[in-house]
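Open your viewer and get your selection tool ready. We will go stop by stop, with something to select at each one.

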Amino acid sequence: MLYPVQNQKRLKMSLNGIWNFSIVDEYYEPKFVLDDFILMAVPSSYNDLVVDKKIANHVGLVCYEKTFQIPKWIHEEELRIRIGAATHQATVYINGVLIGSHQGGFLPIDLLIPKDILDDKNRLSIVLDNRLTYETLPIGQIDMKNGVEKQIIHYDFANLSGIHRDVIIYTRPVNPIEDIFITTKVDEDKAYVSYQIICDGEIKLVSVKDKNGLVVGFSSDQDGMITIHKPHLWDIGNGYLYTLEVSTITDCYEEKFGIREIEIKNDQLLLNKKKIYLKGFGMHEDHLIIGKGANSAHHLKDMNLLNWIHANSLRTSHYPYAEEIYDLADQLGILIINEIPAVGLNFWSDVKVFTPGRVDEKTKQVHMDQLTELVSRDKNHPSVIMYSLANEANTHEDGAYAYFKDIFAHMRTLTNLPLMIVEWVHAEINQVASLADVIGLNRYFAWYSEFGELEVIEDRIRKDFDSYYKKFKKPIILTEFGADTIAGLHALPSVPFSEEFQVEFLAQYVKSIQDLDYVIGEHVWNFADFMTKQGLTRFNGNKKGVFSRDRQPKMVAHFLKEHWKNK
Ligand code: BDP
């Protein structure tokens, strides 16, 4: 799938802005104009924009509506609509006619607009259903309470809902370039750029241009290989990008790519044959007011903060992020572990998760479909160095291995990049981690267990990590460690929740892993405070951020900046 662009052959129009919005019932079909609506911003979550709790906490269906016109001079071209992401199921109608639907709130919806349903003025209706079940990712359950549907979720971020990414109408010419696949290989002072162009039209020229627009190689084959002499490698902090320019008789498209090699060798992570260590965060798409809405200024600010703190990487916990994040990471040389929303696959109780009727064959199919869509979307981003196939699933259950065996096998047909699974269970009972190339461990000693006892951390971590390494012989990333911290709360001596305690807590963790050779990275939980469902252990959200929700540093940010400076 190619991202919509505007160029000499393609036109794109943004439908972002203010839409009409209403809660609707189960049987709603947008036959007529919404007559009872409020105004809503797109892209954004609707939850924090409104003042009405009923809307903010709504579980079920809503309708977004907007009118648009298409210039009469668009004749031959195909018309498409693309919604970057909408939670979690989106059904799209134009002038009351259904044109398609999509399940999965963190990946794009791309649909053909049949021209014969268009009028001079058109009404676009997008009906969203934010309910999560065993046949969605993330999974969830719906419960009835006093005649009202309640969403049960087993993961720790708010089910912020809405049209979260750009809505675009775009054209493609006759015989469009459907897709471009690029892989690169480095051999001494040469790079081989293999490409495949999916297109029915005749290819005129395929050229590779360097950062300055100079042609460094070309071909006229549909599938081929272009050799680049003395290539500039894509690297951390140096996101050197080439462009593959394709022109056919009817179409043209420019796809950016980087030349870099990722490898796991002798328990180390290699970038361009050099050992690297991941420093960074598990993050969330989560901001004041706009919630999970994509916003260029927020994206860039987050990248600038990563750079300031000397981080080199992030995990898209716990779902694929907006494409712009990957574009920025490509340009800035930031590494991304790309995670699918397989989160909540454990109930923090003895209840079995991997069993028929819960997480079963149907869930597995959804999981696989989303992986296919994810790789299709992100395959050419040099910043993506690894995929994470689940976060904290109950991998000790008997059903888990059969489930994940198929998930990993499927993913290996889609990508050659290393695959990771992020674990909470202990090594002895883990039945799944052998399938992964890299194991992520989320650990909260001195927080969820032995609360406040900083002195236990080192011993617990070492024993736990060593047992993982001994059993699985795979490199490990400390994918989560953190303590809730109220910005501005100070205490000497420190107490949990104070900024001083967060510094001491993180310092203990990084010290515990510093001489474990098989540890290939540390990602603090979390980059910034974020919204969760309300609960006794959540004071208006999760406060484990190194930055506050409005992106101001807590004390610990300065500690990490210093710690990562020369690491
Ligand atoms: C881990 C989860 C993460 C939570 C974190 C926490 O992976 O999503 O936010 O714990 O409790 O279990 O802060």
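The tour goes from the domains to an interface and then to the ligand.

**Stop 1: the domains.** Keep in mind that this is a predicted model. Colour residues 12-172 as domain 1, 177-250 as domain 2 and 279-565 as domain 3. Now place a centroid on the C-alpha atoms of domain 2 and another on those of domain 3: the two centres are 33 Å apart.

**Stop 2: where domain 2 meets domain 3.** Select the residues in contact across this boundary, and you should find 11 from domain 2 and 12 from domain 3. Together the two domains bury about 830 Å², and carbon and sulfur atoms account for 62% of that area. Which three residues of domain 2 supply more of its buried area against domain 3 than any other three? Show W234, I236 and L241 as sticks: they supply 58% of what domain 2 buries there.

**Stop 3: polar features of the interface.** Stay with domain 2 and domain 3, where the count is 1 salt bridge. Next, select K379 and D179, which form a salt bridge with their closest N and O atoms 2.9 Å apart. Polar contacts across the interface of domain 2 and domain 3 come to 5 residue pairs, with both residues at pLDDT 80 or more. If you colour the domain 2 side of this interface by class, you get 6 nonpolar, 3 polar and 2 charged residues.

**Stop 4: the ligand shell.** Centre the view on the ligand and select its surroundings. How many residues surround the ligand? There are 13, and the closest are D156, H318, E392, Y448 and K544. By class, the shell holds 4 nonpolar, 4 polar and 5 charged residues.

**Stop 5: distances to the ligand.** Draw distance lines from ligand oxygen atoms to three side chains:

- K544, with an N or O atom of its side chain 2.5 Å from a ligand oxygen
- E480, with a polar side-chain atom 2.8 Å from a ligand oxygen
- N442, with a side-chain N or O atom 3.5 Å from a ligand oxygen

Finally, switch on a surface for the ligand: taken alone it exposes 320 Å², and the protein buries 92% of that.

Notes. Residues are numbered from 1 along each chain as its sequence is written. This is a predicted model: local features need pLDDT of at least 70, side-chain atom pairs count only at pLDDT 80 or more; totals for chains, interfaces and linings use all residues. Side-chain values use heavy atoms; hydrogens and water are left out. Domain bounds come from an automatic or database domain assignment. Contact means heavy atoms within 4.5 Å. Buried area is the accessible area (1.4 Å probe) that two parts lose on being put together, summed over both. A salt bridge is a side-chain nitrogen of Lys or Arg within 4 Å of a carboxyl oxygen of Asp or Glu. A polar contact is a pair of N or O atoms within 3.5 Å; within protein, one must be able to donate a hydrogen and the other to accept it, and residues adjacent in sequence count only if both atoms are side-chain atoms. Ala, Val, Leu, Ile, Met, Phe, Trp, Tyr, Cys and Pro count as nonpolar, Asp, Glu, Lys and Arg as charged, and the others, Gly among them, as polar. A residue is near a molecule or strand if one of its heavy atoms lies within 4 Å of it. Accessible areas come from the Shrake-Rupley method with a 1.4 Å probe; for residues, only the protein chains shown count as cover.
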